[in-house]
Amino acid sequence: MEALKNLSPEKVINVVRAAKNQYLEKKPTLEIYKKGEADFVTQVDVCIQEFVRAGLESLCPEIQFMGEEKDNHTIDFSKPFWIMDPVDGTTNLIHDFKCSCISLALCVHGKIVFGVICHLYLNELFYAIRGKGAWLNGKRLSVSRTTELSQGLICTGTSPYYKKELGASVFEDLKNVYFNCEDIRRTGSAALDMAWVAAGRADACFERRLCPWDFAAGIILIEEAGGSVSDFLGAPLEFYKKCDVIGGNGIINEHIRTRLLTKK
Ligand code: IPD
Ligand code: CA
Ligand code: CA
């Protein structure tokens, strides 16, 4: 696709940065709407998504746009599309917990070729281009070299929107991993968990039933930093459905997989 060749990662990153800056400058009053159990959307989510969608459309109108806060049923998955979570960590945002990010990825023929994760409160912008590495503020990233789960710091998420259905298995998995690793972290942002695995700050992360916008940018960050990402059975993630996700330095992923309830 000719249009993709002219797409400049810098320009896309600038759109994401500008979205963050306008949020930080204007800080709209937080109107909160409930989408489901423990699931909220604020004006900030909607405004950031619209700002970035419009910016990307002017850069490359041919590329479709999938975003958490819109209806995505017309997306043609055989053609390129953006996958965006305008605020990953909305519950954190509502509580002023200051651990949220913008996550944006480009999917072409079923593969993520570009991803950016921008922390809303720290000066940290992660990005990766397929075949060109993963970067944080211009510094190349590598996953950790930890080989023993007992020395691993593991991020996880509690699948909060499916408490009744998944809560028991989520905490059974958590217990099995916790008793075998160094410790567990729960940041409240699956995308940041993945970025921090790419940066080697955590050795792996896992969570059941994430949406494509939670994990799309994280996949390329982890892979370009030398790690791997799959579902709980070891299969590649899909971008048209919810997936159970494990991302890590590659070695620790396998140690975790053997301790989860869902296994081959
Ligand atoms: C959520 C966050 C959270 C994770 C949930 C996600 P949202 O995304 O990533 O950490 O546990 O599963 O849905 O709703 O804040 O965009
Ligand atoms: Ca999310
Ligand atoms: Ca979100």
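Q: Is K20 buried or exposed, and which side chain of opposite charge is nearest?
A: Buried means under 20% relative accessible area, exposed over 50%, partly exposed in between (1.4 Å probe, protein chains only). Lys and Arg count as positive, Asp and Glu as negative; His and the chain ends are not counted. A salt bridge puts a side-chain nitrogen of Lys or Arg within 4 Å of a carboxyl oxygen of Asp or Glu. In this predicted model, K20 is buried but has no salt bridge. The nearest side chain of opposite charge is E124, 9.1 Å away.

Q: What does the side chain of K20 reach?
A: A polar contact is a pair of N or O atoms within 3.5 Å; within protein, one must be able to donate a hydrogen and the other to accept it, and residues adjacent in sequence count only if both atoms are side-chain atoms. The side chain of K20 reaches the backbone oxygen of L122 at 2.9 Å.

Q: Which residues surround ligand 1 most closely?
A: Near means a heavy atom within 4 Å. Ligand 1 has 15 residues around it, and the closest are D88, G89, T90, Y161 and E207. A polar side-chain atom of Y161 is 2.4 Å from an oxygen atom of ligand 1. For a polar backbone atom of G188, the distance to an oxygen atom of ligand 1 is 3.0 Å.

Q: How much of the accessible area of ligand 1 does the protein cover?
A: Accessible areas come from the Shrake-Rupley method with a 1.4 Å probe. The protein covers 95% of the 380 Å² that ligand 1 has on its own.

Q: How should I read the labels and limits?
A: Residues are numbered from 1 along each chain as its sequence is written, while chains are lettered from A and ligands numbered from 1 in the order written. Local features need pLDDT of at least 70, side-chain atom pairs count only at pLDDT 80 or more, totals for chains, interfaces and linings use all residues, and side-chain values use heavy atoms, leaving out hydrogens and water.
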